[in-house]
Every structure is written in structure tokens, then in C-alpha cells.
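This report goes through the fold, the strand pairings, the main pocket and a few single residues of one protein chain. Please keep the sequence and the coordinates at hand while reading.

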Amino acid sequence: HVQLVDSGGGSVQAVVSLTLSCAASGYTPNTYFMGWFRQAPGKEREGVAIITRGGGSAYYSDSVKGRFTISRDNTNGTMSLLIRRLNHEDTAMYYCAATKNLFCTSYCEKVALDEKMYEYWGQGTQVTVSS
């Protein structure tokens with residue numbers, strides 16, 4: 001079976017960086033898109049960063065472009081999200097997700113960030129930003 005374990009969250013001050021990690025097992029890593037979604041209390045869940053099967057392309061939501069960097073290491077089934085210049089709007093529960101059912105040749109930035117495309121989810125890791 002496929003299992004995702006996400007970690008790396010915490011409570012941090014502004015103007016620091018934080019790296020979230022997702023450890024995947026039970027599948028062949030390079031057959032899955034992987035990504036990160038977040039949900040703040042009272043807000044809708046938002047796709048923030050997606051990386052393709054081989055790690056060759058990444059897609060980011062407009063709200064995080066320039067600050068978030070997603071990467072993956074298919075040799076050990078891990079994925080990471082580097083968050084730079086954190087601010088209070090980044091406070092949310094962050095979820096690792098993976099899918100084998102995403103086929104994207106156009107409109108990829110929109111399609112890949114659609115949560116409906118993902119069938120496997122981590123338990124979530126909390127990020128809290130405060131001064």
C-alpha cells in the first residue's frame with residue numbers, strides 16, 4: 001500500500017526559513033506526482049506546490065511563488081518544501097499528497113494544483129508563524 005508521512009512543521013518567527021518533508025513508501029516514486037497543500041482555519045484547502053514524477057518541473061500557486069521551493073529525491077522516496085520569508089499568511093496545516101492519476105500536457109499549473117487529482121495524503125504537519 002501507499003503511505004505518506006509528512007513532517008517538518010513547527011512554530012517559527014517571521015523572516016526565517018522552514019523545510020517540510022514528506023516520506024513516501026509503498027510505491028515507485030517516479031510514477032507519482034507529489035505536492036503540498038495547505039489549509040488555514042476557516043479557509044479552503046489550497047494547492048501550493050507540485051513537482052512532477054521525475055522532478056523536472058514544478059508548479060506553484062501565485063500566493064507562494066518566489067518563496068516556496070519544492071524538490072524530491074526519488075532514490076529514497078522523499079519530497080521537501082522549502083519555505084522562505086515566512087509570514088503570518090503561511091500559517092496553516094500542510095499536507096503532503098501524491099497521485100498516479102495526473103496526466104498533464106497543457107494548463108499544467110492549474111491542473112496539477114487541483115486537489116481532486118490526488119488520491120494519497122499525509123496526516124498533515126502544522127506550520128505556525130508568529131513574531
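The text below moves from the whole chain to its sheets, then to the pocket and to single residues.

The model is a predicted one, in which local features need pLDDT of at least 70 and side-chain atom pairs count only at pLDDT 80 or more, while totals for chains, interfaces and linings use all residues. Residues are numbered from 1 along each chain as its sequence is written, and side-chain values use heavy atoms, with hydrogens and water left out.

**Overall fold**

The protein chain has one helix and eleven strands; helices (H or I, at least four residues) and strands (E, at least two) are DSSP runs, numbered from the N terminus. Their order along the sequence is β-β-β-β-β-β-β-β-β-α-β-β. The radius of gyration, taken over C-alpha atoms, is 14 Å, close to the 14 Å that the globule rule gives for 131 residues, so the chain is as compact as a globular protein of that length. The globule rule is 2.2 Å times the number of residues to the power 0.38. The C-alpha trace spans about 40 × 30 × 25 Å along its principal axes. Buried residues make up 41% of the 131 residues, where buried means under 20% relative accessible area, exposed over 50%, and partly exposed in between (1.4 Å probe, protein chains only).

**The four-stranded sheet**

An open sheet is formed by four strands in the order β1-β3-β8-β7, with antiparallel pairing. β1 (3-7) and β7 (68-73) are at the edges with a single partner strand each, so one side of each has no neighbour in the sheet. From one strand to the next, the twist averages 15 degrees; the axes are lines fitted to C-alpha atoms, for helices over the stretch in contact, and angles run from 0 to 180 degrees between N-to-C directions. Two strands count as paired if DSSP finds at least two bridges between them.

β1 is joined to β3 by five bridges, and Q3 has S25 as its bridge partner in β3. The two faces of β1 differ in cover: L4 and D6 are on the covered face, whereas Q3, V5 and S7 are on the uncovered one. Further into the sheet, six bridges link β3 (residues 18-25) with β8 (residues 78-83), and C22 is partnered by M79 in β8.

**Hairpins around β5**

β5 pairs with β4 on the one hand and with β6 on the other, as the table shows.

| Strands | Bridges | Opposite residues | Residues between strands | Positive phi in the hairpin |
|---|---|---|---|---|
| β4 and β5 | five, antiparallel | F37 and G47 | six | G42, about 80 degrees |
| β5 and β6 | three, antiparallel | I51 and A58 | six | G55, near 80 degrees |

β5 is mostly covered, with five of its six residues buried.

**The largest pocket**

Rolling a probe the size of a water molecule over the atoms shows where empty space is left. The search uses a 1 Å grid over the protein atoms alone: a cavity is a set of points where a 1.4 Å probe fits but cannot get out, a pocket is an open set with protein on both sides within 12 Å along at least five of seven lines, and lining residues have an atom within 4 Å of a point. The largest pocket has a volume of about 170 Å³, the volume being the space filled by probe spheres set on the points, with grid points joined across faces, edges and corners.

Which residues line the largest pocket? The lining consists of R38, Q39, A40, K43, E44, R45, E46, G47, E89, T91, A92 and L113. β4 (33-39) and β5 (46-51) each supply at least two of these residues. By class, the lining divides into three nonpolar, three polar and six charged residues. Ala, Val, Leu, Ile, Met, Phe, Trp, Tyr, Cys and Pro count as nonpolar, Asp, Glu, Lys and Arg as charged, and the others, Gly among them, as polar.

**Single residues**

Most residues other than glycine have a negative phi. R85, in the loop between β8 and β9, has a positive phi of about 50 degrees although it is not a glycine. R85 is partly exposed, with a relative accessible area of 48%. Y107 is not a glycine either, and has a positive phi of about 50 degrees. Y107 lies in the loop between β9 and α1 (108-111) and is exposed, with a relative accessible area of 68%.

A97 belongs to β9 (residues 92-99) and is buried, at a relative accessible area of 0%. A97 and S71 are 26 residues apart in sequence and 13 Å apart in space, C-alpha to C-alpha.
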